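User: Please take a close look at one part of this model, and then place that part in the setting of the whole chain. A plain account will do.

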Amino acid sequence: MISLKRERESDVDDDDSDDGVAPKRGRGPAVEDRRSRHCPYLDTINRSVLDFDFEKLCSISLSHINVYACLICGKYFQGRGQKSHAYTHSVQFTHHVFLNLHTLKFYCLPDNYEIIDSSLEDITYVLKPTFTKPHIAGLDKQGKLYRAYDGTTYLPGIVGLNNIKANDYANVVLQAFSNVPPLRNYFLEEENYKGIRRPPGDIMFLLVQRFGELMRKLWNPRNFKAHVSPHEMLQAVVLCSKKTFQITKQGDAVDFMTWFLNALHGALGGTKKKPCESIITKAFQGSMRIFSKKLPHPDLTPEEKEAMLLTEEYQEQMSESTFLFLTLDLPTAPLYKDEKEQLIIPQVPLFNILGKFTGNTEKEYKTYKENFLKRFQLTKLPPYLIFCIKRFTKNNFFVEKNPTIVNFPITNVDLSEYLTEEAQATEKNTSYDLVANVVHDGKPTEGSYRIHVLHHGTGKWYEMQDLQVIDILPQMITLSEAYIQIWKRQGSSDTNSHTGE
């Protein structure tokens with residue numbers, strides 16, 4: 001606490017809560033008003049260098065308290081009093097126009113008066129985009145191209161994300177969720193989660209705030225540039241995951257997605273002990289029946305095994321479980337190939353690997369002590385269904401990747417045969433259309449990620465890989481090594497829902 005107090009004092013003779021520093025310095029209100037509305041330095045502002053995607057830290061003191069952006073060079077400085085870094089910068093470089101990154105007020109330094117001018121609204125909008133309910137409701141009904149300040153045209157929502165060093169595994173997941181309308185709409189409107197109360201010292205809510213900020217930047221129709229840096233979002237990920245996921249080290253997109261979904265759900269008030277709905281469960285949660293049967297130890301004699309199978313402990317048990325995504329297992333890739341087969345990449349239809357959920361297919365699962373036979377059947381389908389195609393197998397020595405291509409239609413994937421009879425009677429819409437497809441290319445530990453997303457307004461598909469955005473033919477999507485897919489249930493009435501109610 002002491003260091004914080006000292007930091008505030010050193011910052012400044014700068015009271016940022018004041019609206020009129022000038023009257024304290026003996027200037028009359030009439031002079032102040034005239035200068036506020038007729039600042040002679042507005043034409044020195046350089047919008048092309050302004051970038052509000054990075055952490056709001058003073059470039060000298062590295063403090064996040066009372067930070068101002070210089071609108072001439074784009075750098076961040078602390079304070080605006082006579083001993084402050086912003087004041088010194090303004091005198092040294094004759095840069096006069098500054099924006100308080102917290103209060104969104106503009107000031108002229110070193111004269112220290114507030115600037116009031118409507119021509120600056122585009123800058124505050126880039127720093128903090130806001131969306132009205134009608135704007136949100138219309139996002140998926142049009143495909144208008146917008147022109148960024150740098151002259152490039154872009155579709156809101158279809159914009160690249162910086163790969164700072166090795167964070168493409170997280171970028172593709174953030175891009176995928178950005179194109180799930182109910183999730184996006186919920187986070188575009190800060191009012192939806194602003195009032196959620198969290199325990200003192202709980203840092204996980206930072207994920208919610210940063211994800212909301214990222215959504216608003218990705219869908220901003222008035223951007224200065226046609227790409228966004230996820231820097232602040234990823235710093236929150238590093239902090240909240242206790243460095244499990246990092247910016248400088250390649251991670252696994254499925255691992256990140258699993259953690260991120262559960263972390264967001266928890267931060268929005270959901271817990272495992274006390275079931276609670278959040279926008280995450282409303283969009284993605286389905287349920288299934290799991291039939292599980294314990295297997296005798298393989299070293300036992302046939303007679304011993306037979307005797308054990310008659311006991312209650314080895315009878316099949318049924319349980320109900322919810323899920324946020326389904327893991328699909330690929331058939332084992334051939335170990336040895338001759339010269340001709342080298343050119344053939346194995347392929348499998350999507351419906352073959354979905355067979356895991358018919359309720360008839362048994363699969364053996366091994367734990368440290370025991371083995372089980374399990375079979376699965378779906379009981380409830382979510383509005384948005386996530387498939388994770390299990391491409392990687394890990395052992396103590398290395399990670400192996402299965403390159404099998406999954407053949408799938410882009411639309412009309414009917415899942416009714418994977419539902420229980422009771423669920424078939426109650427579930428009205430069982431057909432799904434693809435909306436996002438995350439691809440892993442290359443070796444397991446050195447590979448890279450890209451994503452295909454459907455833009456709902458135009459009906460076109462786009463491929464995004466870091467800052468690169470290109471349109472792509474739907475038939476090209478099925479040739480990739482799909483890793484994560486998001487499917488939208490046909491007839492979902494939740495497309496334009498934007499509250500968590």
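Is Thr94 buried or exposed?

Analyst: The model is a predicted one. Thr94 is exposed, because its relative accessible area is 55%, and the cut-off for exposed is over 50%. Thr94 sits in the loop that runs between helix H4 (85–93) and strand E3 (97–100). Its backbone deserves a note: phi is near 50°, which is a positive value in a residue that is not glycine.

Other backbone features can be set beside this one. Leu62, another non-glycine residue, has a positive phi of about 60°. Leu62 belongs to the loop between helix H3 (29–37) and strand E1 (67–70), and with a relative accessibility of 59% it counts as exposed. Lys242 has a positive phi of about 55° and comes just after helix H11. A backbone feature of another kind is found at Pro110: the peptide bond that leads from Leu109 to Pro110 is cis, and its omega is near 5°. Pro110 is placed in the loop between strand E4 (106–108) and strand E5 (113–115).

The setting for these sites is a protein of 501 residues, of which 50% are buried. It has 17 helices and 25 strands. Among contacts with a separation of 6 or more, 69% are between residues 24 or more positions apart. The exposed area of the protein is about 25,400 Å², and carbon and sulfur atoms supply 53% of that area.

Helix H11 gives a view of the interior. This helix covers residues 231–240, and eight of its ten residues are buried, so the rest of the structure largely encloses it. The buried residues of H11 are His231, Glu232, Met233, Leu234, Ala236, Val237, Val238 and Cys240. They pack against helix H7 (168–178), helix H10 (205–218) and helix H12 (253–267).

Strand E15, residues 371–380, holds Thr379. Thr379 counts as buried, because its relative accessibility is 16% and the cut-off for buried is under 20%. Its side chain makes a polar contact of 2.7 Å with the side chain of Ser287. A polar atom of the Thr379 side chain also lies 3.4 Å from the backbone nitrogen of Met288. Beyond its neighbours within four places in sequence, Thr379 contacts Ser287, Met288, Arg289, Glu320, Leu419, Thr420, Ala423 and Glu427.

Glu421, in helix H16 (residues 421–426), lies 42 residues from Thr379 in sequence, with a C-alpha to C-alpha distance of 8.8 Å. Glu421 is exposed at a relative accessible area of 69%, whereas Thr379 is buried.

Glu370 occupies the loop between strand E14 (363–366) and E15. Glu370 counts as partly exposed, at 31% relative accessibility. Apart from neighbours within four places in sequence, its contacts are Lys294 and Tyr365. With Lys294 the link is between side chains, as a polar contact of 2.7 Å. The C-alpha of Glu370 is 7.4 Å from that of His297, although the two residues are 73 residues apart along the chain.

On the surface, Leu473, Met476 and Leu479 form a nonpolar patch of about 320 Å². One member, Leu473, is in the loop between strand E24 (468–472) and helix H17 (474–477), and its relative accessibility of 51% puts it among exposed residues.

The cysteines complete the account. A disulfide is a covalent bond that joins the sulfur atoms of two cysteines. The count of disulfides here is zero. At Cys70, the closest cysteine sulfur is that of Cys73, at 3.6 Å, and therefore too far for a bond, given a cut-off of 2.5 Å. Cys70 is buried, at a relative accessible area of 0%, while Cys276 is partly exposed, at 32%.

To return to the part in question, Thr94 is an exposed residue in a loop between a helix and a strand, and its phi is positive.

Technical notes:
Residues numbered from 1 in each chain as written. Predicted model: local features only at pLDDT ≥ 70, side-chain atom pairs only at ≥ 80, totals over all residues. Heavy atoms only, no water. Buried < 20%, exposed > 50% of the residue type's maximum accessible area, 1.4 Å probe, protein only. Patch = residues over 30% accessible without salt bridge, like charges linked within 9 Å, V, L, I, M, F, W, Y side chains within 5 Å. Areas by Shrake-Rupley, 256 points an atom, 1.4 Å probe, with all protein chains shown as cover. Salt bridge = Lys/Arg side-chain N within 4 Å of Asp/Glu carboxyl O. Helix = DSSP H or I, 4+ residues; strand = E, 2+ residues; numbered from the N terminus. Polar contact = N/O pair within 3.5 Å; in protein donor to acceptor, adjacent residues only side chain to side chain. Contact = heavy atoms within 4.5 Å.
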